[in-house]
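Please open the model in a viewer and keep the selection panel at hand. The tour below proceeds stop by stop, naming what to select and what is to be found there.

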Amino acid sequence: QAAKPHVVVLATGGTIAGAGASAANSATYAAAKVPVDKLLAGLPELSNVAKVSGEQVFQIASESFTNDHLLKLGQRVSALAKQADVDGIVITHGTDTMEETAYFLNLTVRTAKPIVLVGSMRPGTALSADGALNLYSAVSVAASKDAGGKGVLVSMNDEIHTGRDVHKHVNIKTEAFKSQWGPLGMVVEGKNYWFRAPVKRHTLQSEFNIDDIKALPAVDIVYGYGNMNTTGIEAYHRAGVKALVHAGTGNGSVAAQAVESLKALRAKGVHVIRSSRVPDGFVIRNAEQPDDQYDWVVAHDLRPQKARILAMVALTKTNDSKELQRIFWEY
Ligand SMILES: NC(=O)C[C@H](N)C(=O)O
């Protein structure tokens, strides 16, 4: 019998490593408590699909991820992906910012080996906990050859999503993740069923490489709303932000007073990236605002939190607004 593929599980915390006081506590619990060895020991079925080894990288709730966590995790994933004895990598992660980490790795790790992020919506101590099956599925996806070359994936609730498109769209259901353009496939009883593939550049075709990125520039987000206060825009400018993502209303529209503040920022060299706070759709260049005239960038179909990730990565290579816009179309 052929040896099973070797999958490394990098554990970072989240609810999948959470623990509550009783089995009835599905929402009231502490995240990031259970160490990776215990998670893996609780799931002996994993040995049916892969030879699994675990590594505790962090033990945090994902809302506390920083740029340093992204860099450290990315460097570790890249190093493991280069090892001949590693066939796939699973990252256990809190669900709150999983979409940001997945997109960051999708942009920067140069490999065709499967990289799969997974989490859970209920802690392992709860009734109908979803973590064990999610982890089993993620390991089986990472162990399969047909998952290679598709970029960084997120496997949750039997679905396989591209890390680029996926976002958490509901916070209290196990069916928490959605991709505006649909999941890539499904995983059922350890078998993958594929229906589509990503067309945006990722991993092996990316011009970015985590091995060359030592630091990420400051990029922040301001939120658009009625009676919008521009104090936040000016405060981020004073703090030295290199680009500001504007999570606008509707079509990425910008309140008149915020237009003035953002134009002033751009005149000082700060990039303005126009996105939308609506959960789906995309922003069209020169619709709502004259982006060519203001030298602003549009975020295409990226949610503001994803636009922030791409802007940070892009700014490690260029400070040219036209190049930034090209990168937003291509990734
Ligand atoms: N379901 C979860 O994992 C939520 C948790 N706050 C986290 O992101 O770490």
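**First stop: a hairpin pair of strands**

Begin by selecting residues 153-156, strand β5, together with residues 159-162, strand β6; these two strands run antiparallel and are joined by 4 bridges. Within this pair, S155 of the selection faces I160 in β6. The model on display is a predicted one.

**Second stop: the sheet of 8 strands**

Extend the selection to the sheet to which these strands belong. This open sheet consists of 8 strands, arranged in the order β2-β1-β3-β4-β5-β6-β9-β10, and its pairing is mixed. At the edges stand β2 (51-60) and β10 (191-194); each has a single partner strand, so one side of each has no neighbour in the sheet. From one strand to the next, the twist averages 25°.

Two helices may now be added to the view. Helix α2, residues 67-81, packs on the sheet and touches β1 (6-13), β2, β3 and β4. The direction of α2 makes about 165° with that of β2. Helix α4, residues 131-142, lies across β1, β2, β3, β4, β5, β6, β9 (185-188) and β10, and runs at about 155° to β3.

**Third stop: strands β1 and β2**

Select β1 next. Is this strand enclosed by the rest of the structure or left open? Of its 8 residues, 8 are buried, so β1 is largely enclosed by the rest of the structure. Strands β1 and β2 pair in the parallel sense, over 7 bridges. To see one of these bridges, select H6 and its partner in β2, K51.

**Fourth stop: strands β3 and β4**

Move to β3 (residues 88-92) and β4, which pair in the parallel sense over 4 bridges. Here I89 stands opposite I115 in β4. In a regular strand, side chains alternate between the two faces of the sheet. Display the side chains of β4, residues 115-118: I115 and L117 point one way, whereas V116 and V118 point the other way. All of these residues are buried.

**Fifth stop: P114**

Select P114, located in the loop between α3 (98-108) and β4. Its relative accessibility is 6%, and P114 therefore counts as buried, the cut-off being under 20%. Which residues does P114 touch, leaving aside those up to four places away in sequence? They are D87, G88, I89, V141, A142, S144, A147 and G148. For a sense of how the chain runs on from this point, select G124 as well: P114 and G124 are 10 residues apart in sequence, and their C-alpha atoms are 25 Å apart in space.

**Sixth stop: the ligand**

Centre the view on the ligand. Surrounding it are G14, T15, A61, S62, E63, G94, T95, D96 and S120. Three of the contacts can be inspected one by one:

- T15 places a polar side-chain atom 2.9 Å from an oxygen atom of the ligand.
- S62 has a polar side-chain atom 2.5 Å from an oxygen atom of the ligand.
- S120 brings a backbone N or O atom to 3.0 Å from a nitrogen atom of the ligand.

How much of the ligand does the protein bury? Taken alone, the ligand exposes 270 Å², and 91% of that is buried by the protein.

**Seventh stop: the sheet of 4 strands**

Now turn to another open sheet, whose 4 strands follow the order β11-β12-β13-β14 with parallel pairing. Its edges are β11 (219-223) and β14 (297-298), each with a single partner strand, so one side of each lacks a neighbour in the sheet. Strand β12, residues 243-248, pairs with β11 in the parallel sense over 5 bridges. Select D220 to find its bridge partner in β12, L244.

Helix α5, residues 231-238, packs on this sheet and touches β11 and β12; the direction of α5 makes about 170° with that of β11. Helix α8, residues 304-315, lies across β11, β12 and β13 (271-276), running at about 155° to β11.

**Last stop: T318**

Follow the chain from α8 into the loop that leads to α9 (321-330), where T318 is found. At 13% relative accessibility, T318 counts as buried. The side chain of T318 reaches the backbone nitrogen of D320 at 3.0 Å. Leaving aside residues up to four places away in sequence, T318 touches E323, L324 and I327.

Methods: Residues are numbered from 1 along each chain as its sequence is written. This is a predicted model: local features need pLDDT of at least 70, side-chain atom pairs count only at pLDDT 80 or more; totals for chains, interfaces and linings use all residues. Side-chain values use heavy atoms; hydrogens and water are left out. Two strands pair if DSSP finds at least two bridges between them. Contact means heavy atoms within 4.5 Å. Axes are lines fitted to C-alpha atoms, for helices over the stretch in contact, and angles run from 0 to 180 degrees between N-to-C directions. A residue is near a molecule or strand if one of its heavy atoms lies within 4 Å of it. A polar contact is a pair of N or O atoms within 3.5 Å; within protein, one must be able to donate a hydrogen and the other to accept it, and residues adjacent in sequence count only if both atoms are side-chain atoms. Accessible areas come from the Shrake-Rupley method with a 1.4 Å probe; for residues, only the protein chains shown count as cover. Buried means under 20% relative accessible area, exposed over 50%, partly exposed in between (1.4 Å probe, protein chains only).
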